[in-house]
Amino acid sequence: MNRFVAGLALALAVAFGSADPAAAQRTKLTIYTALENDQLGPFKQSIEAAVPEVEVVWVRDSTGVITARFLAEKDNPRADMVMGLAASSLLVFEKAGLLETYKPQGADMLKAAFRDPTPPYTWTGMDAFLGVICFNTTEAGKDGIAVPASWADLLNPKLKGKVVMPHPASSGTGYLMVAGWLQSMGEADGWKFMDALHENIASYLHSGSAPCVQAARGERVAGLALDMRGASEKTKGAPIAVVIPKEGTGWEMEATAIVKGTKNLALARKVADWGATKAASELYSKYYAIVAFPGVQNLPPNYPAGAEQGMIKNDLAWMAENRERILAAWSKRYESKAAPKN
């Protein structure tokens, strides 16, 4: 009988949500993110294990969409934190006074490039991602096209209509590539290069990984995309070369910040502290080869050699300050080949 009563009590407790008092007392923390969908579960689990008082509620979309949404809500912010969004976007938010000043515990142990370099300290880097060329050697071979060694090789007339890349207003990967060309080549030569590349572009896709997927399937010969996606598709057996051109390539990093005015500041700080730990970087390294905590490395199979050395000297502040101007100029020139949005 006692077992029956105990079982009934437990059933009632579960039904009315009181079986786990700790769970009942958790505070919902709304986090805006551009993390990939398959990352949301593992990140939520790790954060909630480290900060049991928190229940993570994701609002997820592509970099461009999340950035635009956050700015549109500036007078009435709906997020408590931003995580897994391009640092250049966070610098835009910082300039607009939308981020809380906070330096996570342990941040000084991170690689210098992953720490906010200018006061007030508002953001902390998580991982870096860079642009590569996913080049289908089988399809290219049919037309006698060699694997590209430089960006200029993508201007080969034989590649007309056979190249895809991410749309820079929708994709952080697309923007880092455009900003990378403008910084490394100089603005005049950068736009000249993109004018010529546009002649070979089939479509500008609204995803940082889709161009590589299309190249991997043989739908296109070359897809400009994320480094990690290139390694992943090659490991799956796609006949692609994953190329970092000899001039180097543009890059960005994902970062974390607290939204100014959040009602859950103390808890958001705890989550930010977690983000700067070695354990967090070990999680990041499951998805990105280059992460914030020194010594944490988890290179996937077929990851391009010398990738970190191939990252150009990149001014994230310049990327943020010039984003609106660059995107407006880019759209005026090349929007005619943008893929339809779903």
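**Exercise 1. Decide whether tyrosine 284 counts as buried or exposed, and describe its surroundings.**

Step 1. Tyrosine 284 has 0% relative accessibility, so this residue counts as buried. Buried means under 20% relative accessible area, exposed over 50%, and partly exposed in between, with a 1.4 Å probe and protein chains only.

Before going on, note that this is a predicted model, in which local features need pLDDT of at least 70 and side-chain atom pairs count only at pLDDT 80 or more, while totals for chains, interfaces and linings use all residues. Residues are numbered from 1 along each chain as its sequence is written, and side-chain values use heavy atoms, with hydrogens and water left out.

Step 2. Tyrosine 284 belongs to helix α12 (residues 278-284). Helices (H or I, at least four residues) and strands (E, at least two) are DSSP runs, numbered from the N terminus.

Step 3. Setting aside residues up to four places away in sequence, tyrosine 284 touches Phe43, Met126, Asp127, Trp274, Gly275 and Val291. Contact means heavy atoms within 4.5 Å.

**Exercise 2. Find which residues glutamate 48 makes polar contacts with.**

Step 1. Glutamate 48 sits in helix α3 (residues 37-50). Its relative accessibility is 15%, so glutamate 48 counts as buried.

Step 2. A polar contact is a pair of N or O atoms within 3.5 Å; within protein, one must be able to donate a hydrogen and the other to accept it, and residues adjacent in sequence count only if both atoms are side-chain atoms. The side chains of glutamate 48 and arginine 26 make such a contact at 3.3 Å.

Step 3. A polar atom of the glutamate 48 side chain also lies 2.9 Å from the backbone nitrogen of valine 56.

Step 4. Apart from neighbours within four places in sequence, the contacts of glutamate 48 are Arg26, Val54, Glu55 and Val56.

**Exercise 3. Locate the disulfide and state which parts of the chain the pair ties together.**

Step 1. A disulfide is taken as a pair of cysteine sulfur atoms within 2.5 Å. The count by this rule is one.

Step 2. Cysteine 134 is joined to cysteine 212, with 2.2 Å from S to S. Cysteine 134 is in strand β4 (residues 123-136) and cysteine 212 in helix α9 (residues 210-217), so the pair ties together parts 78 residues apart in sequence.

Step 3. The link of cysteine 134 and cysteine 212 is left-handed, with -95° about the S-S bond. Both cysteines, 134 and 212, are buried.

**Exercise 4. Work out how many residues of α9 are buried and what covers them.**

Step 1. Six of the eight residues of α9 are buried. They are Pro211, Cys212, Val213, Gln214, Ala215 and Ala216.

Step 2. The cover includes β4, β5 (163-166), β6 (201-205), β7 (222-226), α10 (227-235) and β8 (240-243).

Step 3. Glycine 223 is in strand β7. Among the residues that glycine 223 touches are Cys134, Pro211, Cys212 and Ala215.

**Exercise 5. Describe how α7 and α8 are oriented to each other.**

Step 1. The axes of helix α7 (residues 172-185) and helix α8 (residues 187-200) come within 6 Å and cross at roughly 135°. Axes are lines fitted to C-alpha atoms, for helices over the stretch in contact, and angles run from 0 to 180 degrees between N-to-C directions.

Step 2. Angles under 35 degrees count as roughly parallel, over 145 as roughly antiparallel, 65 to 115 as roughly perpendicular and the rest as oblique. The two helices, α7 and α8, are therefore oblique to each other.
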